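Welcome! Take a moment to look over the sequence and the 3D view, and then we will walk through a few features together.

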Amino acid sequence: KEETGFKSFVNATVEAIDIANKAYQQEGNLSGLPTGLIDVDKKLGGLNPSDLIIIAGRPSMGKTALATNIAFNIAKMNFNNVDSSNKNNGVAKSVVGFFSLEMSSSQLAARILSEASKVPSDQIRRGEMSENEFRRFVEAAQQLESCTLYIDDTAALPISTLTARARRLKRTYGLDVLIVDYLQLVRPASIKDNRV
């Protein structure tokens with residue numbers, strides 16, 4: 001978000017009314033982009049442009065799975081009736097950028113394809129799929145060709161590089177949601193920078 005300096009209370013109030021009006025007029029009463037998770041959307045009102053949401057929890061509690069599901073749900077809203085003008089039924093496609101600093105893009109894609117095809121990821125990893133399951137897996141991959149989810153799996157990115165790549169993605173394809181998995185793996189840009 002650009003720095004705008006001080007803003008009068010009246011201007012801030014007008015913005016708050018605009019957000020409330022948007023939620024009131026929008027189906028599902030969300031002011032932001034739906035995550036595809038009904039309970040999360042009810043609590044947050046969808047994902048809004050100024051939001052910074054941090055998912056925290058103990059190891060192996062499903063933080064990456066949750067972030068992946070949200071990213072996939074947002075991106076998959078786009079590939080029904082998509083035309084070449086970057087529109088989906090008159091609504092601009094939502095672009096998701098995913099920095100996966102721990103997991104490779106192919107591992108992340110396998111998770112998403114597992115979810116889409118309803119084939120357990122451990123079966124996909126071991127190749128223990130029936131012909132029907134493999135067909136569903138391939139069909140899911142074909143359906144997701146127009147998915148607007150972009151993954152960068154470069155390990156230990158400095159914050160300056162992450163910022164530059166996010167800006168490049170925004171210029172090239174647009175950018176509505178940016179996910180970093182996970183924040184502690186982002187390196188400071190220089191020795192002078194601290195972790196905060």
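Which residues are linked with Arg126 in a network of salt bridges? They are Asp122 and Glu128. Keep in mind as you read that this is a predicted model. Searching the whole structure turns up four salt bridges.

**Salt bridges**

- Here is the general idea: side chains of opposite charge can pair when their charged atoms come close.
- Within the network, Arg126 and Glu128 meet through their side chains, with an N to O distance of 3.1 Å.
- Glu128 is partly exposed, and its relative accessible area is 46%.
- Another salt bridge joins the side chains of Glu131 and Arg135, at 3.2 Å from N to O.
- Glu131 and Arg135 are about one helical turn from each other, because they sit four residues apart in helix 6 (residues 131-143).
- Glu131 is exposed, at 63% relative accessibility, whereas Arg135 is partly exposed, at 40%.
- Asp152 also has a partner: it forms a salt bridge with Arg165, and their closest N and O atoms are 2.8 Å apart.
- Asp152 belongs to strand 4 (residues 149-152) and Arg165 to helix 7 (residues 159-172), so this pair ties together parts that are 13 residues apart in sequence.
- Is Asp152 buried or exposed? Asp152 counts as buried, since its relative accessibility is 16% and the cut-off for buried is under 20%.
- Its partner Arg165 is partly exposed, with a relative accessible area of 27%.

**An enclosed strand**

- Why is strand 3 (residues 96-100) described as largely enclosed by the rest of the structure? Five of its five residues are buried, so the description fits.
- In a regular strand the side chains alternate between the two faces of the sheet.
- In strand 3, Val96, Phe98 and Ser100 point one way, while Gly97 and Phe99 point the other way.
- Strand 3 runs parallel to strand 4, and four bridges join them.
- Look for Val96 here: its bridge partner in strand 4 is Leu149.
- Strand 3 also pairs with strand 5 (residues 177-181), in the parallel sense and over five bridges.
- In that pairing, Phe98 stands opposite Ile179 of strand 5.

**A nonpolar patch on the surface**

- Now turn to the surface, where Leu44, Ile53, Ile55 and Leu66 form a nonpolar patch.
- Together these four residues have about 290 Å² of accessible area.
- Ile55, one of the four, is found in the loop between helix 2 (38-44) and helix 3 (63-76).
- Ile55 is partly exposed, with a relative accessible area of 37%.

Methods: Residues numbered from 1 in each chain as written. Predicted model: local features only at pLDDT ≥ 70, side-chain atom pairs only at ≥ 80, totals over all residues. Heavy atoms only, no water. Buried < 20%, exposed > 50% of the residue type's maximum accessible area, 1.4 Å probe, protein only. Helix = DSSP H or I, 4+ residues; strand = E, 2+ residues; numbered from the N terminus. Patch = residues over 30% accessible without salt bridge, like charges linked within 9 Å, V, L, I, M, F, W, Y side chains within 5 Å. Areas by Shrake-Rupley, 256 points an atom, 1.4 Å probe, with all protein chains shown as cover. Pairing = 2+ DSSP bridges.
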